[in-house]
Amino acid sequence: MNKTVLLCCSTLYLAAAWSQPTLNSPTVPPNGYSSEILAAAFIAPTAGSEVAQSWDFSDVNGNVVNTLGVNLATTSLYAPMFPQAEWVMSNGDQLSFLDFAESGLTLYGNANSANGVTFPFEDPLTQWPYPMVFGFYHEDAFSTDQVLFSEPYSLQGNVTSTCDAWGSIVLPNGVVISEVLRVDYNQFYVETYAGDTANWYLNQVMYCAPDSVLPVFFHEELVVTDNAGEELLNVTDVAWYDNTVLSVDEDVMVVGALAWPNPIERGSALNLRGARSGGFVMDLGGRTVWTCQEAHSDVLQVSTKDWRSGPYLYVPYKGAHPIRIIVQ
């Protein structure tokens, strides 16, 4: 039995009953809000229950992996591609154009500020409904078809979300929230480009609090497979937002893994930061085009001479989420 998990996450079923919360559309923070994103080793979520639970993550220490920003959509150069969006949320270079409407959190598409690629959805994705109540079930589909660097690109996906638990939570920074709803969010999509296909499975078990724009804590698992079902990538963690860095081992801390220039001309030298503990780059077909078991400098230069044009994933082994690279 993993003793660390027992220390990090203590779940108690409370004898005293209190009312289940109802969460409505949140008040969006002032334009320009930002917060650091922290992550730590995966902790399995508790089983869902109709009985109130108490989750304590106060012993979880994390690494800074990126910065979150929330701004008015009109402040972005890509706003014309997402005319219905009111807000743009940035996670490093990744941009999400969305609206916190009374009916639910709606995503109109994504963009990448580093490579300038936009993915407006033909059918907007409502990720979960408002008001949020214990026991709700929601599903929706999303898609985009376009031409990317003279090749057809397609993304077809769906989402299901279920509120399976409720109670109180203690965050890693010690903040206590007395009322939260827990949502089991599952996203699946098939991405096809230039004859290659990748299947993306994302599960986030997330804790939502009253008037909070985003969930306050996540259990996350991302799995990518090819058409034959062979696993190409598996990333797990827990994550949360904070404006202060908790106790972190500086030897393993990764702050904002980067890849530049992005997009990059085929044959040029690509700079990669964040692979001190190793990492790799693969294309959508699951072919590994570069790998490193351990780096001896903060930034590595990698030749793209033998790479094909198209999208790639840079995956550090520790401390950061995959980063998409576009080779032209």
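Two rings of Phe, Tyr or Trp count as an aromatic pair if their centres lie within 6.5 Å, with the six-membered ring standing in for Trp. With that in hand, a search of the whole structure, which is a predicted model, turns up 15 aromatic pairs. One of them brings together tryptophan 55 and tyrosine 207, whose ring centres are 4.9 Å apart and whose planes meet at 70 degrees, so this pair is edge-to-face. Tryptophan 55 belongs to strand S3 (residues 53–56) and tyrosine 207 to strand S12 (residues 196–208), so the pair ties together parts that are 152 residues apart in sequence. Both tryptophan 55 and tyrosine 207 are buried.

Another of the pairs is made by phenylalanine 218 and tyrosine 241: here the ring centres are 5.9 Å apart and the planes stand at 85 degrees, so this pair, too, is edge-to-face. It also links distant parts of the chain, with phenylalanine 218 in strand S13 (residues 217–225) and tyrosine 241 in strand S14 (residues 231–242), 23 residues apart. How covered are these two rings? Phenylalanine 218 has a relative accessible area of 6%, so it is buried, while tyrosine 241, at 22%, is partly exposed. The cut-off matters for this reading, because buried means under 20% relative accessible area. Back at tryptophan 55 and tyrosine 207, there is company: Trp55, Phe57, Tyr207, Phe217 and Trp240 form one aromatic cluster.

Stepping back to the whole chain, the model is mostly a matter of strands by count, with 21 of them and one helix. The chain has 328 residues, and 51% of them count as buried. Its accessible surface comes to about 15,000 Å², with carbon and sulfur atoms making up 51% of that area. As for contacts in the chain with a separation of 6 or more, 59% are between residues 24 or more positions apart.

Next comes the nonpolar interior. In soluble globular proteins, nonpolar side chains tend to be buried together. In this model the largest nonpolar core has 54 residues, and Met89, Phe100, Trp128, Met132 and Leu233 are the ones with the most contacts inside it. Leaving aside residues up to four places away in sequence, tryptophan 128 touches Gly104, Leu105, Phe136, His138, Ser161, Tyr185, Met206 and Pro215. A second core, separate from the largest one, has 18 residues, among them Val64, Ile177, Tyr207 and Val238. Valine 64 sits in strand S4 (residues 63–72) and counts as buried, with 5% relative accessibility. Its C-alpha atom is 9.9 Å from that of tryptophan 240, although the two residues are 176 places apart along the chain.

Threonine 126 is worth a stop as well. This residue is part of strand S8 (residues 118–129), and with a relative accessible area of 18% it is buried. What does threonine 126 touch, not counting residues up to four places away in sequence? The list runs Gly104, Leu105, Thr106, His138 and Asp140.

Turning to charged side chains, the search of the whole structure finds two salt bridges. In one, arginine 182 and aspartate 164 meet through their side chains, at 3.0 Å from N to O. This pair links distant parts of the chain, since arginine 182 lies in strand S11 (residues 176–193) and aspartate 164 in strand S10 (residues 151–170), 18 residues apart. Both arginine 182 and aspartate 164 are buried. The side chains of aspartate 196 and arginine 308 also meet in a salt bridge, at 2.5 Å from N to O. Here aspartate 196 is in strand S12 and arginine 308 in the loop between S19 and strand S20 (310–316), 112 residues apart. Aspartate 196 or arginine 308: which is buried and which is partly exposed? Aspartate 196 has 12% relative accessibility, so it counts as buried, whereas arginine 308, at 41%, counts as partly exposed.

Finally, some nonpolar side chains do show up on the outside. Leu258, Trp260 and Val299 form a nonpolar patch on the surface, and their accessible area together is about 220 Å². Within this patch, valine 299 is found in strand S19 (residues 299–303). Its relative accessible area is 34%, so valine 299 is partly exposed.

How values were computed: Residues are numbered from 1 along each chain as its sequence is written. This is a predicted model: local features need pLDDT of at least 70, side-chain atom pairs count only at pLDDT 80 or more; totals for chains, interfaces and linings use all residues. Side-chain values use heavy atoms; hydrogens and water are left out. Patches are made of residues with over 30% relative accessible area and no salt bridge: like charges are joined within 9 Å, nonpolar side chains (Val, Leu, Ile, Met, Phe, Trp, Tyr) within 5 Å. Accessible areas come from the Shrake-Rupley method with a 1.4 Å probe; for residues, only the protein chains shown count as cover. A salt bridge is a side-chain nitrogen of Lys or Arg within 4 Å of a carboxyl oxygen of Asp or Glu. Helices (H or I, at least four residues) and strands (E, at least two) are DSSP runs, numbered from the N terminus. Buried means under 20% relative accessible area, exposed over 50%, partly exposed in between (1.4 Å probe, protein chains only). Rings of Phe, Tyr and Trp (its six-membered ring) pair if their centres lie within 6.5 Å; planes under 30 degrees apart count as stacked, over 60 as edge-to-face and the rest as tilted. Contact means heavy atoms within 4.5 Å. A nonpolar core is a set of buried Ala, Val, Leu, Ile, Met, Phe, Trp, Tyr and Cys residues joined through side-chain atoms within 4.5 Å.
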